[in-house]
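Dear colleague,

I am passing on to you the structure announced for your review. Please find the sequence and coordinates below, followed by a summary of the findings.

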Amino acid sequence: MNNESSSIGHGKDSAALEKNAQREDDEVLHRDPSYFQYYAQLQHQQNMLQDYIRTSSYRSAIVGNKKTLFRDRLVMDVGSGSGILAFFAAQAEAKHIYAVEASGMAKKMKIILDAAKTPEGLEARNAFLADRITVINEKIEEPRLLAEIPKVDVIISEPIGVLLVHERMLESYIYARDKFLRPGGAMMPSSGIIHLAPLSDATLWNETITKARFWQQKGFYGVDLNPYFATAFDEYFRAPVVGCFSPASLMGYSVEHLVDFHSVSMDDLKEFVIPISWDVRYTGIMHGVAGWFDLTFHARESAQHPETVAYPTLMSTSPYSPPTHWQQVRLLLKQPLAVNAGQTIRGTISMKVNDERSYDISAELIALDKAESAQTNDQDLAKLMAEQKTRTRSGLWYLHEQVYNYSYTGDMAEDPKPEFSNLYMPIEGLLAESAPHIDLQPSAISSIQSMGDSLTSYLVSKPSTHASTTTQSRASASSSKPHGSSSTAMQIE
């Protein structure tokens, strides 16, 4: 990439550009004032900055790629907030950083930048920031910015919400890519992976139905509340529950949905379907679906400085990893489903944007014997769901109606046994735990080792195809040994 042409100014007519610019989607531009008021407060910025996993992962990804990606490059920080990512880019010796922030934090950011300039007779604070960052107090979709900001070499952002997509900031991130990123430029983070897994959590389900049953009282100060019950039941069970939970409550490995930020379209983000095929590992009761996400930071080869090596970073919000401020999410079924070890749960989970800066999530699931699943195609699956109601479950959840549950305080060093969660292993699996010479190493990790190369080379060789594989390998490895043994931020040197 030719940095000599990365000029700060434009020769184009700003008024003409603003007049002719077409905003691709008015939904993207709709921003609730309360949303920006929330993020304009330092206390909420502090909550994110104190998330060590989040902040250190971003710094590793940016500063770790100083020579490879950031040095002498033009950078845009979308939704800059406190400015911390822009500050990291300055530490990585970026040529100039455009920090785009729509909330009142933009004015507060200027305070720290003003302090970086050396006052007469005083020592500057953060002198490395002086004249390196331009703060733009606008939404990135503002048409006039097309004339005011040049094409950049790298776009950085933290546009992530619960289950990766909540708050719909990813759309602004992709808009910035389409309008401001040079061909071959880099997006950091480069991809996200949504994980969905079958969940058994009797305690949470019982707590939720107990709340709903409040409305079944027939004599509440002389009033029969039962007419409210059906509505209350719907409300409680359509609310996603945000909070950490024990990995021992997972009944199988997660299904993954990869979102490649270099190639995903706006339409792809607005509505997508995740095919589900879970191999059930334990006999027990499935109470719902567990969800979390991973972020991958990988500088693609076209964006790298010549003769440099990328420094990939993987950040996970998995229940097997140390907690983050995003935590995880649980989607409870109104009616639990009894399943046996060895069965397969098939179906779909669909996600569609709504007008609340979030998503509606729906699920259609059915429990099948393994042989039956192998003989059932997707068309037959829909027919089977219509006929076999006793082993079919559906669900609808509104991600913006999330509630919080902080009851889990488990020690990551613990090794909880599945029966403590009323999950029961097949006898052969139970006996295999004590059998000699059992290789519990996942096949995916074995395949990497058989390549005779490092994990770094494995990631770098085909980042778009291997990011998901690496995450699954790590989750599988965590499941075959004491829970919580994997690292949240995988920084590969």
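I begin with a single pairing: Ile276 has Gly347 in β13 as its bridge partner. Please note that the model is a predicted one.

The strands concerned are β9 and β13, the latter covering residues 344–353, and they pair in the antiparallel sense over nine bridges. Both belong to an open sheet of four strands, in which the order is β9-β13-β14-β15 and the pairing is antiparallel. At the edges of this sheet are β9 (271–279) and β15 (392–398), each of which pairs on one side only. With direction ignored, neighbouring strands of the sheet are turned by 15° against each other on average. Helix α15, formed by residues 378–387, lies across β13, β14 (359–368) and β15. The angle between α15 and β14 is about 85°.

Turning to the nonpolar interior, the largest nonpolar core has 97 residues, and Met76 and Trp278 are the members that touch the most others. The element that gives the most to this core is helix α7 (residues 84–91), with seven residues. A second, separate core consists of nine residues, among them Trp205, Phe229, Phe233 and Leu332.

Which residues is Met76 in contact with, leaving aside its neighbours within four places in sequence? They are Tyr98, Val100, Ile140, Ile149, Val152, Val154, Ile155, Ile156, Ala176 and Phe180.

A polar site also deserves mention. Ser316 is found in strand β11, which comprises residues 313–316. Is Ser316 buried or exposed? Its relative accessibility is 0%, and Ser316 therefore counts as buried, the cut-off for this class being under 20%. The side chain of Ser316 forms a polar contact of 2.6 Å with the side chain of Asp294. In addition, a polar atom of the Ser316 side chain lies 3.0 Å from the backbone nitrogen of Ser318.

For the protein as a whole, the figures are as follows. There are 19 helices and 17 strands. Of the 493 residues, 52% are buried. The exposed surface of the protein is about 22900 Å², and 51% of it is supplied by carbon and sulfur atoms. Among contacts with a separation of 6 or more, 79% are between residues 24 or more positions apart.

With kind regards

Methods. Residues are numbered from 1 along each chain as its sequence is written. This is a predicted model: local features need pLDDT of at least 70, side-chain atom pairs count only at pLDDT 80 or more; totals for chains, interfaces and linings use all residues. Side-chain values use heavy atoms; hydrogens and water are left out. Helices (H or I, at least four residues) and strands (E, at least two) are DSSP runs, numbered from the N terminus. Buried means under 20% relative accessible area, exposed over 50%, partly exposed in between (1.4 Å probe, protein chains only). A polar contact is a pair of N or O atoms within 3.5 Å; within protein, one must be able to donate a hydrogen and the other to accept it, and residues adjacent in sequence count only if both atoms are side-chain atoms. A nonpolar core is a set of buried Ala, Val, Leu, Ile, Met, Phe, Trp, Tyr and Cys residues joined through side-chain atoms within 4.5 Å. Contact means heavy atoms within 4.5 Å. Accessible areas come from the Shrake-Rupley method with a 1.4 Å probe; for residues, only the protein chains shown count as cover. Two strands pair if DSSP finds at least two bridges between them. Axes are lines fitted to C-alpha atoms, for helices over the stretch in contact, and angles run from 0 to 180 degrees between N-to-C directions.
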